[in-house]
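Reader: Could you take a close look with me at one part of this model? I would love a walk through the surroundings of a single side chain and whatever connects to that story.

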Amino acid sequence: MPSEASSGFDGLAAAYDRWYETPLGRLVDRLEKDAVFTLVEPQPGNLVLDLSCGTGIYALALAQRGLRVVGADLSEPMLRLAQAKARQAGVGIAFVQADGSTLPFRPGTFDLVTVILGLEFAAEPVKTLEEIRRILKPGATLVVAILNRSGLWTLWRRFKRLFVPSVWRHVRFLGLEELRRHMETHGFRQLRWRGAVHFLPILTGRAARCLERCEAFGARWMPARATFLAMCGRRA
């Protein structure tokens with residue numbers, strides 16, 4: 001994330017995690033992780049960079065699968081919370097404060113890089129992809145997840161940000177084909193994608209259970225309208 005985006009997230013670290021403890025947040029988290037981990041099955045012992053790791057949601061999930069994990073983010077409050085969660089979970093994760101456009105790692109270091117909802121915040125997404133390719137081993141995997149610009153939830157965010165200040169104000173949302181072009185241009189092949197969250201966040205509490213049926217319908221009949229899009233590819 002660029003510095004202005006990271007500063008926007010600095011004050012949201014605790015609230016960010018609290019949302020994932022709500023019924024809606026737990027459902028969204030499960031659906032998104034299903035999409036990501038359907039695409040990639042890393043081997044225990046692989047070295048993984050979770051770039052734009054935030055409060056460590058995916059870093060912890062990867063570490064709990066037996067991977068050696070490095071989490072990187074620009075927001076220091078987010079990283080502090082991620083470190084506390086890792087200690088509480090009893091997993092060893094190295095967290096570093098770093099910008100995706102200038103990563104402090106040697107070429108060919110990682111077996112897998114994940115960027116979950118971070119590329120749209122990057123000041124230089126092209127440079128970030130170049131850096132990711134540099135630090136990946138040949139044949140290694142990149143997983144990028146974005147908020148689809150034509151997804152229902154994203155359309156609502158794009159409308160709302162016109163009137164309400166938020167971290168989404170200056171985000172450049174991407175679409176499926178744009179993400180595909182970016183990854184192909186930067187030397188990633190065998191691309192596959194999965195979508196999740198085909199509904200609007202209009203129900204909360206117990207009523208959020210109804211969204212499970214909406215999700216099943218959306219996944220079958222309008223997959224490209226998913227708000228969450230995850231794409232993986234192998235470094236050529």
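Author: Happy to; here is a tour that begins with one arginine and moves on to two backbone angles and a group of rings.

This is a predicted model, in which local features need pLDDT of at least 70, side-chain atom pairs count only at pLDDT 80 or more, and totals for chains, interfaces and linings use all residues. Residues are numbered from 1 along each chain as its sequence is written, and side-chain values use heavy atoms, with hydrogens and water left out.

Let us start with R235, which sits in strand β7, residues 228-235; strands are DSSP runs of E with at least two residues, helices are runs of H or I with at least four, and both are numbered from the N terminus. R235 is buried but has no salt bridge. Buried means under 20% relative accessible area, exposed over 50%, and partly exposed in between, with a 1.4 Å probe and protein chains only. A salt bridge would need a side-chain nitrogen of Lys or Arg within 4 Å of a carboxyl oxygen of Asp or Glu. For R235, the nearest side chain of opposite charge is E131, 11 Å away; Lys and Arg count as positive and Asp and Glu as negative, while His and the chain ends are not counted.

What does the side chain of R235 reach at 2.8 Å? That partner is the backbone oxygen of R133. Leaving aside residues up to four places away in sequence, R235 touches R133, L136, K137, P138, G139, A140, G187 and F188, where contact means heavy atoms within 4.5 Å.

Next come two backbone angles. Q190, in strand β6 (residues 188-196), has a positive phi near 55 degrees although it is not glycine. V197 also has a positive phi, near 65 degrees, in a residue other than glycine, and lies in the loop between β6 and α9 (210-221). Q190 is exposed at 60% relative accessible area, whereas V197 is buried at 1%.

Finally, the rings. The structure holds 8 aromatic pairs; rings of Phe, Tyr and Trp (its six-membered ring) pair if their centres lie within 6.5 Å, with planes under 30 degrees apart stacked, over 60 edge-to-face and the rest tilted. One of these is the tilted pair of W153 and F199, at 6.4 Å centre to centre and 40 degrees between the planes. This pair links distant parts of the chain, with W153 in helix α7 (residues 152-160) and F199 in the loop between β6 and α9, 46 residues apart. W153 is buried at 8% relative accessibility, and F199 is buried at 3%. Together with Y16, W19 and Y20, W153 and F199 form one aromatic cluster.

Note on methods. A polar contact is a pair of N or O atoms within 3.5 Å; within protein, one must be able to donate a hydrogen and the other to accept it, and residues adjacent in sequence count only if both atoms are side-chain atoms.
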